Amino acid sequence: MNLQHKDPKWLVGILEEAIDRFNSTEDKRLLEDENSDDGKNHGSVGECAINHRLAVHLERILQERGYPSKEIPISVDCEYNRHRGAKKQHEIKDDLRKRVEDLKKHAIEKHPVQEGWYVFSVFPDIIVHERGVDTNNLIAIEVKRASNSPDDELDCIKLHLFTIQHEDYGYSYILGATVIAFDNRKDRRLEIGRLLVDGKGRYRAQFLENSPLNLEFLPAEAGSLSLE
C-alpha cells in the first residue's frame, strides 16, 4: 500500500499546490473588495467561501494522486465538528485553560471525567481525514484574514492539540497549518503562515517574523521549512 499520504512533506506539497491553484484562478477574486449597486464597499466575501474553494482544490489534487481509494477513503471537509460520532472538542490541562479562555473571551468547561482537564468545542476550517475513525487524520487547517487581528495564538493552540502525538489528546493529525488570506489592495493571495508537526511549530513564514505572538506553549520554532 502506498503510504505517501503519511509523509508530512508530501502533505505540505499538496497544500502548497492547492494554494497555488487558488491564487492563479478566478478564486482569487474572493479576496477582492466588492461594491454594491449603491456604490458602497463591503469588503471581500466571508472566510467560509475562501475555505470552501481551497478545500475544492485540495480535493481535486488528492484525486489526481489517487485519493480517495477503497483502502484509503479520505475526505476533505470544512468545519467538520464530529469526532467518531461525538462533538469534536479539545482537551487541555489546567496550565492552558486561562490562556484559551482569554483568547475565546468566555469560560471553558471542566472535563466531566478527567480531573484537572478542560474541554472546548472546535470547528477546524478544513480537515483532510477519514470520516468516523482516526486512521487517517492527515491535515488540519485554520484560515485567517490578514485584515483581521494578527494574533493567531488560538489557532496555533488548536493545531498544537490537533497534531500532538499522544493518546491523551485523541486526534494525532500529521500536519497542522495556518493559511493567511491577504486581502489588502496591493497584495491579494493565500499563503501558508505556520506549520505544526508532532505538536511543534516547525516553520514560520517571513511575514510573521515580527509578530507579537507569544508561543510559549510550543517549543522554539525552526526558521526554515525543515520537516525532517
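This report describes the fold of one protein chain and some features of its backbone.

The structure is a predicted model, in which local features need pLDDT of at least 70, side-chain atom pairs count only at pLDDT 80 or more, and totals for chains, interfaces and linings use all residues. Residues are numbered from 1 along each chain as its sequence is written, and side-chain values use heavy atoms, with hydrogens and water left out.

**The chain as a whole**

The secondary structure consists of four helices and 11 strands. Helices (H or I, at least four residues) and strands (E, at least two) are DSSP runs, numbered from the N terminus. The chain has 228 residues, and 47% of them count as buried. Buried means under 20% relative accessible area, exposed means over 50%, and partly exposed lies in between (1.4 Å probe, protein chains only).

About 11900 Å² of the chain is exposed, and carbon and sulfur atoms supply 45% of this area. Accessible areas come from the Shrake-Rupley method with a 1.4 Å probe; for residues, only the protein chains shown count as cover. Among the contacts in the chain with a separation of 6 or more, 61% are between residues 24 or more positions apart. A contact means heavy atoms within 4.5 Å.

**Strands 9 and 10**

Strand 9 (residues 175-183) and strand 10 run antiparallel and are joined by seven bridges. Two strands pair if DSSP finds at least two bridges between them. Together, strand 9 and strand 10 form a hairpin, with four residues between them. Within this pairing, A177 stands opposite L195 of strand 10. Strand 10 covers residues 188-197; eight of its 10 residues are buried, so this strand is largely enclosed by the rest of the structure.

**Backbone features in the loops**

The peptide bond that joins Y67 and P68 is cis, with omega about 0 degrees. P68 is placed in the loop between helix 2 (47-64) and strand 1 (75-78).

Two further loop residues, neither of them glycine, have a positive phi value. E79 is in the loop between strand 1 and strand 2 (82-83), whereas S172 is in the loop between helix 4 (153-163) and strand 9. Both residues are partly exposed. Their values are set out below.

| Residue | Phi | Relative accessible area |
|---|---|---|
| E79 | near 50 degrees | 38% |
| S172 | near 55 degrees | 26% |

The loop of S172 leads to strand 9, which is one of the two strands in the hairpin.
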